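This briefing looks at the empty spaces and the nonpolar cores of a single structure. Please have the sequence and the model open while reading.

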Amino acid sequence: MTVFVLVHGAWGGAHGFRKVRGPLREAGHEVFTPSLTGIGERAHLTSPQVNLTTHVADVVNAVWYEDLSDIVLLGYSYGGAVVTGALEYIGDRVRHLVYLDAFVPGDGDSVADLGGAGGGRGAPALGRDWLVPPLPREYDDPAEGAWAGPRRTAHPAGCFTEPVRLARPLEDYPFTRTYIKATGEPRPDDGDPFWAAADRAMDSPAWRYREIGTNHMIASNRPGDLVRLLLELT
């Protein structure tokens, strides 16, 4: 049995993994999908004080209070920053770290620094909006888009502007590392943080690299492919 901890991305929630949880459990594994404070089902808890540290604590506490170990820890999109920040506290409990079309920050990097949302917002201040509205997303199934759209919530800007703290490079940790790239859209000409992370994985013997042929909304568009890949990697 493998213990999966799946961390969702910005503007989303644990419900984004609803098509993945069941098949993994049916295969005999445990699956935890912690919800991040202030978004998704916990949108009622949003505030200007919610930042990356808050979301790192959400994940760390889920692992500590359930006393999980030997885990497969997956970060999707913005969740890549969250799982990276969590390593300071739970790195010794991770067997396999998976980035799913995600940011892979180094020490001192923020999501905004890497080209993600939140650039130019800074700390909350008088007259400055501290919520970042959801980016538009495309779904293969219109019904899925109609279901998911209303559940995408504005995201506190501090999550994107606070830098990650990583005491040592990812490659120095003893766990296995995998990057999974969505390849259903062409590589942008002006650079892209997810493609940069994919290149890093492809060029390094310390990483595994896999692809899924859809757009960024992998868990919604290709849940079966994602489940098969996760089972293959474990």
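What volume does the largest pocket have? In this predicted model, the volume of the largest pocket is about 440 Å³, while the second largest pocket holds about 180 Å³ of space. A search of the whole structure also finds one cavity of 30 Å³ or more, and the nonpolar cores are described after these spaces.

**Largest pocket**

- The largest pocket, with its volume of about 440 Å³, is lined by 27 residues, of which Arg-137, Glu-185, Asp-192, Phe-194 and His-216 are the closest to its centre.
- Both β7 (176–182) and α6 (193–202) supply at least two residues each to this lining, and α6 gives the most, with three residues.
- Sorted by class, the lining of the largest pocket comprises 14 nonpolar, eight polar and five charged residues.

**Second largest pocket**

- The lining of the second largest pocket includes Leu-52, Thr-53, Val-56, Ala-57 and Val-60, together with Gly-85, Glu-88 and Tyr-89, and also Glu-162, Pro-163, Val-164 and Arg-165.
- The elements that give two or more residues to this lining are α2 (52–66) and α3 (79–90), with the largest share, five residues, coming from α2.
- By class, seven nonpolar, two polar and three charged residues line the second largest pocket.

**Largest cavity**

- The largest cavity encloses about 280 Å³ of space, and among the 23 residues that line it, Gly-12, Gly-16, Tyr-76, Arg-152 and Met-217 are the closest to its centre.
- Two or more residues of the cavity lining come from each of α4 (142–148) and α7 (218–221), and by class the lining has 10 nonpolar, nine polar and four charged residues.

**Nonpolar cores**

- In soluble globular proteins, nonpolar side chains tend to be buried together.
- The largest nonpolar core has 48 residues, and those with the most contacts inside it are Leu-73, Tyr-78, Leu-97, Tyr-99 and Tyr-179.
- Elements giving two or more residues to this core are β1 (3–7), α2, β3 (71–76), α3, β4 (94–100), α5 (158–161) and α6, and the largest share, six residues, comes from α3.
- Not counting residues up to four places away in sequence, Tyr-179 touches a set of residues that includes Tyr-99, Phe-194, Ala-197, Ala-198, Ala-201 and Trp-207, as well as Asp-101, Arg-208 and Arg-210.
- Apart from the largest nonpolar core lies another core, of 24 residues, among them Leu-6, Phe-17, Val-31 and Tyr-76; Tyr-76 is also one of the residues closest to the centre of the largest cavity.

Methods
Residues numbered from 1 in each chain as written. Predicted model: local features only at pLDDT ≥ 70, side-chain atom pairs only at ≥ 80, totals over all residues. Heavy atoms only, no water. 1 Å grid on protein atoms, 1.4 Å probe; cavity = no way out; pocket = protein on both sides within 12 Å on 5 of 7 lines; lining within 4 Å. Points joined across faces, edges and corners; volume = space filled by probe spheres on them. Helix = DSSP H or I, 4+ residues; strand = E, 2+ residues; numbered from the N terminus. Nonpolar A, V, L, I, M, F, W, Y, C, P; charged D, E, K, R; others polar. Core = buried A, V, L, I, M, F, W, Y, C linked by side-chain atoms within 4.5 Å. Buried < 20%, exposed > 50% of the residue type's maximum accessible area, 1.4 Å probe, protein only. Contact = heavy atoms within 4.5 Å.
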